[in-house]
Amino acid sequence: MAGAPSWLYPLCYLTVTHSTIALMIAVGLLGNPVLAADIALAHGATVATFHALSANTRALVLGQSTAISFVDILRVRIALVLPLGAVAFLLAIGGTTTPTWLAACLVLRRCAEWFNDLQMCKAEVEHRATFALRFAAMQGVLFVAAALALVAQWPYAPAVLTVWALVPLGVAVLLARDLRGATHRQLARMLKILFPHVGSTAISGLALFAFRIVVVVLLAKALAGELFTAIALGSFIGTLFANVVGQSVELHRQRTGRGLPRPIRRTLSILLGVGIAITAAAIALPDEARVLGKGTFFWLACGLSLIGGVIMAHAVRVRLRILRSDDGRDIFGPEVLIHM
């Protein structure tokens with residue numbers, strides 16, 4: 001599809017990587033914060049494992065790194081998917097009350113995303129807009145079905161979530177074509193190249209999981225679910241920029257020489273204003289702040305997260321410059337400082 005809009009690929013990538021977060025927000029907003037907390041804990045377990053070893057892959061693929069190829073990254077992921085899935089499942093059910101079926105579905109979904117996000121990055125580099133659109137449409141249908149099943153508490157919700165998790169894995173089989181005739185490199189050598197990036201993403205992944213565990217320990221699960229939902233809703237734009245849009249903007253800058261697009265600058269300014277307004281209203285009018293059944297605690301967390309998300313979006317631009325400058329060899333130190 002020639003002349004595809006620049007936002008198409010980030011949007012499609014978003015349907016791959018943020019479907020679980022969207023499920024958590026839907027469940028939390030529509031009255032089941034305990035289930036939202038369970039989803040947050042299981043998602044945190046997958047972040048602490050899969051994301052921890054994702055090694056800034058999107059930035060490397062879109063930046064067309066000379067240090068390691070797309071096929072090398074694919075082979076590393078094939079080698080790691082089963083052990084990471086097993087560890088993520090054990091973390092998700094160990095020491096928590098997360099239902100086993102829910103943990104299993106979310107881990108299976110993350111196994112699929114482990115390869116689907118590579119497909120979306122490859123499609124963006126190769127301008128395969130038709131594939132991206134079809135995949136995004138499929139993801140949208142699966143998400144709506146999964147969200148309705150959880151919100152309505154259907155008896156067949158486990159079956160619906162299993163379909164949501166496994167269907168994208170079937171699409172990932174198409175990546176086998178990239179392995180044909182490709183030069184074989186030793187796994188140890190590829191991991192050595194990726195190590196600085198692994199250190200970077202491991203810090204962020206483990207920090208998120210540790211934060212969620214601490215919150216559940218200190219608060220009642222229902223209150224923890226409210227907090228996770230508020231933070232996910234408020235910080236969505238910052239997370240979106242860090243994991244999806246930022247890399248596409250950097251690729252666009254490399255191709256055109258232009259900086260941050262004006263629509264994104266305006267969006268960030270509007271969100272900053274909204275975050276300040278929500279925070280001020282939650283503090284100044286605590287009795288009137290109850291909207292959608294959510295009280296002051298929820299909206300204060302949401303407003304502060306919006307403000308933090310905008311700051312995070314600007315900080316990500318600096319991080320991407322470091323990644324681009326020398327293939328990420330200097331990213332580990334700044335990442336540690338950020339999360340400390």
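**Group meeting: salt bridges and a helix pair**

At 6% relative accessibility, Asp38 counts as buried. I'm opening with that residue since it leads straight into the charged pairs. Keep in mind as we go that this is a predicted model.

So, who does Asp38 pair with? Its salt-bridge partner is Lys221, and the closest N and O atoms are 2.7 Å apart. The pair links distant parts of the chain: Asp38 belongs to helix 3, residues 33-49, while Lys221 belongs to helix 11, residues 221-234, and 183 residues separate them. Lys221 is buried too, with a relative accessible area of 17%. The cut-off for buried is under 20%, and that is why Lys221 makes the list at 17%.

How many salt bridges does the structure hold? The count is seven. As general background, side chains of opposite charge can pair when their charged atoms come close.

Next one: Arg77 with Asp117, where the closest N and O atoms sit 2.8 Å apart. Arg77 is in helix 5, residues 70-93, and Asp117 is in helix 6, residues 100-125, so this pair ties together parts that are 40 residues apart in sequence. Are these two buried or exposed? Arg77 is buried, at a relative accessible area of 2%, and Asp117 is buried as well, at 7%.

Staying with helix 6, there's a salt bridge between Arg109 and Glu113, with the closest N and O atoms 2.9 Å apart. Here both residues lie in helix 6, four residues apart, which is about one turn of the helix. Again, Arg109 and Glu113 are both buried.

Before I leave the charges, there's also a network: Lys122, Glu126, Arg128 and Asp178 are linked by salt bridges.

Let me zoom in on Arg109 for a minute. Its relative accessibility is 1%, so Arg109 counts as buried. What does Arg109 touch, if you skip residues up to four places away in sequence? The list is Thr15, Val16, Ser19, Thr20, Gln139, Trp164, Ala165 and Pro168.

Two of those names, Ser19 and Thr20, come up again in helix 2, among its buried residues. Helix 2 spans residues 19-29 and is mostly covered, with nine of its 11 residues buried. Besides those two, the buried residues include Ile21, Leu23, Met24, Ile25, Ala26, Val27 and Gly28. Just after helix 2, Gly31 takes a positive phi of about 100 degrees, if you want to check the backbone there.

Now back to helix 6, and its packing on helix 8, residues 157-172. The two pack at an angle of about 20 degrees, with their axes 8 Å apart. That makes helix 6 roughly parallel to helix 8. As for handedness, helix 6 passes helix 8 in a left-handed crossing. On the helix 6 side, the contact residues include Trp101, Leu102, Cys105, Leu106, Arg109 and Phe115. On the helix 8 side, they include Pro158, Leu161, Trp164, Ala165, Pro168 and Leu169. Note Arg109 in there: it makes the salt bridge with Glu113 and also takes part in this helix contact.

Last topic, the cysteines. How many disulfides does a search of the whole structure find? The answer is zero. For the record, a disulfide is a covalent bond between the sulfur atoms of two cysteines. Cys12 is buried, with a relative accessible area of 1%, and Cys121 counts as buried at 1% relative accessibility.

That's it from me. Happy to rotate the view if anyone wants another look.

Definitions and conventions
Residues numbered from 1 in each chain as written. Predicted model: local features only at pLDDT ≥ 70, side-chain atom pairs only at ≥ 80, totals over all residues. Heavy atoms only, no water. Disulfide = S-S within 2.5 Å. Buried < 20%, exposed > 50% of the residue type's maximum accessible area, 1.4 Å probe, protein only. Salt bridge = Lys/Arg side-chain N within 4 Å of Asp/Glu carboxyl O. Axes fitted to C-alpha atoms, helices over the stretch in contact; angles between N-to-C directions. Parallel < 35°, antiparallel > 145°, perpendicular 65-115°, else oblique. Left-handed = near helix turned anticlockwise from the far one by under 90°. Contact = heavy atoms within 4.5 Å.
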